[in-house]
Structures are given as structure tokens and as C-alpha cells.
Amino acid sequence: MIAGIWILGVIFNLGNYIKEYWKFKNILKKSFAYELPADVCSEISQELEMKRKVTLYQNYAVTSPIVVGCWNKKIIFPVQDYEERELVTILFHELVHIRQHILEMKKIGIFLKLIFWCNPMMNSLLRNIDEWGEIACDRYVCYETAYPYTVKAVSYTHLRAPRDLSTSR
């Protein structure tokens with residue numbers, strides 16, 4: 001009996017995740033290519049020792065930059081004009097998400113939430129993964145890079161477009 005309730009809970013939550021994933025995927029289909037100066041991308045990629053190429057897109061439905069994808073990572077920017085410093089800071093931050101495998105940790109958290117759906121601590125786990133992933137990326141960008149203006153720029157960027165930490169990317 002209890003196992004049946006647990007299985008129904010897993011199926012229900014999996015169905016909700018799949019439905020939300022398809023909605024999100026349909027929104028992302030409306031993204032279009034975003035070209036940056038080659039020197040900006042190559043400089044940041046070299047500094048982070050990125051092995052894979054990351055494609056950049058813009059989308060009107062996105063309110064803050066996000067990283068999506070399993071194997072072929074994509075960074076999707078909101079459609080707006082960026083100053084070069086702001087763009088470098090945002091790009092660096094999102095590439096650090098890829099380098100530190102934050103997206104993979106979120107997927108593991110979602111998988112654990114599917115299995116342990118009846119544990120109220122799982123929502124807290126997902127929020128903490130999101131929050132600490134952002135903090136780790138911000139810290140790296142601010143204190144470990146060769147860009148001295150990033151501390152102020154990251155603070156400004158987060159004030160300008162606050163992230164909803166309750167949603168996963």
C-alpha cells in the first residue's frame with residue numbers, strides 16, 4: 001500500500017516535471033543566435049580553460065541569462081542592450097556555471113526530489129543548490145578573475161535582473 005502511494009507520487013511529480021520541461025523547451029525554440037566579438041569569447045574561454053564550445057542565444061521570454069542543455073550547452077540572454085563590461089561579467093558568470101557543473105548538480109537534486117518526493121527537506125535542497133551555485137559563481141567571477149570591475153558589475157547585474165531561485169535552469 002505504502003509503496004503504491006510512493007510510486008503514484010513519483011509518477012505524478014515526474015509528469016509535472018516533464019510538462020514544465022516541454023513548456024520551457026517550447027519557449028526556448030523561439031531563441032535566436034547572439035553573436036559576440038570573437039576576442040571576448042576566446043579570452044574568457046581560455047581563462048576558464050573551457051574545452052567545449054558554448055553557443056549563445058537571445059530570447060524575449062528570458063528575464064535573466066541562463067544556461068541550458070545536457071551535452072551541448074547554450075547560454076540564453078534576455079533581449080536588451082549590454083555594455084561591454086556587463087556582457088563580459090554575465091558571460092563569465094554563465095561560463096563558470098558550466099565549468100563548475102552547477103547544472104548537473106541541479107539535475108541530481110531534481111532526481112533526488114523525484115525519488116524522495118514525500119520528504120519536505122527536498123524543496124530546501126533544491127533551493128540551496130540554486131542559491132549556493134549562484135554564490136559560488138559570483139565568488140569565482142568577483143575574486144578569481146582578471147577583471148577588477150566585476151565585484152561592482154555582478155552586484156549591479158543582480159540588482160538589475162534578480163533571479164528567481166525557486167526555479168531550476
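Colleague: Does isoleucine 75 count as buried or exposed, and how is that decided?

Modeller: The idea is to compare the relative accessible area with a cut-off, and under 20% means buried. In this predicted model, isoleucine 75 counts as buried because its relative accessibility is 0%. The residue lies in strand β4.

Colleague: Which residues does isoleucine 75 touch, leaving aside those up to four places away in sequence?

Modeller: Its contacts include Val54, Thr55, Leu56 and Tyr57, then Ile66 and Val67, and also Leu91, Glu94, Leu95 and Ile98. Tyrosine 57 illustrates how sequence and space can be read together: 18 residues separate it from isoleucine 75 in sequence, and the C-alpha atoms are 6.2 Å apart.

Colleague: How many residues of strand β4 are buried?

Modeller: Four of the five residues in β4 (residues 74-78) are buried, and the strand is mostly covered. For the chain of 169 residues, the buried share is 38%.

Colleague: What is the strand order of the sheet that contains β4?

Modeller: To read a sheet, one lists the strands in spatial order and then asks how each pair runs. Here the four strands form an open sheet in the order β1-β2-β4-β3, and the pairing is mixed. Its edges are β1 (32-33) and β3, each of which pairs on one side only.

Colleague: Which pairs run parallel and which antiparallel?

Modeller: Strand β2 (residues 55-59) runs parallel to β4, with five bridges between them. Strand β3 (residues 66-68) is antiparallel to β4 and is joined to it by three bridges. Strands β1 and β2 are also antiparallel, with two bridges.

Colleague: Which residues stand opposite one another in these pairs?

Modeller: Between β2 and β4, tyrosine 57 stands opposite isoleucine 76, and glutamine 58 stands opposite phenylalanine 77. Glutamine 58 also has phenylalanine 32 opposite it in the pairing of β1 with β2. On the β3 side, isoleucine 66 has isoleucine 76 of β4 as its bridge partner.

Colleague: Where does helix α3 pack, and what is its direction relative to β4?

Modeller: Helix α3 (residues 84-99) packs on the sheet and touches β2, β3 and β4. The direction of α3 makes about 145° with that of β4.

Colleague: How should the sign of phi be read along the backbone?

Modeller: The general expectation is that most residues other than glycine have a negative phi. Positive values therefore deserve a look where the residue is not glycine. Glutamate 49 has a positive phi near 55° and is placed in the loop between α2 (38-48) and β2. Its relative accessibility is 61%, so glutamate 49 counts as exposed.

Colleague: Where is histidine 101, and what is its phi?

Modeller: Histidine 101 is in the loop between α3 and α4, and its phi is positive, about 60°. With 45% relative accessibility, histidine 101 counts as partly exposed. Glycine 69 also has a positive phi, near 110°, in the hairpin of β3 and β4, where five residues lie between the strands.

Colleague: How are α4 and α5 oriented, and why?

Modeller: For a helix pair, one reads the angle between the N-to-C directions, and values over 145 degrees count as roughly antiparallel. Helix α4 (residues 102-115) and helix α5 (residues 121-143) pack at about 175°, with axes 9 Å apart. The angle therefore makes α4 roughly antiparallel to α5. On the α4 side the contact involves Ile102, Met105, Lys106, Gly109, Ile110, Leu112 and Lys113. On the α5 side it involves Met122, Asn123, Leu125, Leu126, Ile129, Asp130, Gly133 and Cys137. These residues comprise nine nonpolar, three polar and three charged.

Colleague: What is the corresponding picture for α1 and α4?

Modeller: Helix α1 (residues 2-28) packs with α4 at about 145°, and the axes are 8 Å apart. From α1 the contact takes Trp6, Val10, Asn13, Leu14 and Tyr17, and from α4 it takes Ile110, Lys113, Leu114 and Ile115. Seven of these residues are nonpolar, one is polar and one is charged.

Colleague: What pattern does the chain follow along the sequence?

Modeller: The six helices and four strands follow the pattern α-β-α-β-β-β-α-α-α-α. Among contacts with a separation of 6 or more, 65% are between residues 24 or more positions apart.

Note on methods:
Residues are numbered from 1 along each chain as its sequence is written. This is a predicted model: local features need pLDDT of at least 70, side-chain atom pairs count only at pLDDT 80 or more; totals for chains, interfaces and linings use all residues. Side-chain values use heavy atoms; hydrogens and water are left out. Axes are lines fitted to C-alpha atoms, for helices over the stretch in contact, and angles run from 0 to 180 degrees between N-to-C directions. Angles under 35 degrees count as roughly parallel, over 145 as roughly antiparallel, 65 to 115 as roughly perpendicular and the rest as oblique. Contact means heavy atoms within 4.5 Å. Ala, Val, Leu, Ile, Met, Phe, Trp, Tyr, Cys and Pro count as nonpolar, Asp, Glu, Lys and Arg as charged, and the others, Gly among them, as polar. Buried means under 20% relative accessible area, exposed over 50%, partly exposed in between (1.4 Å probe, protein chains only). Two strands pair if DSSP finds at least two bridges between them.
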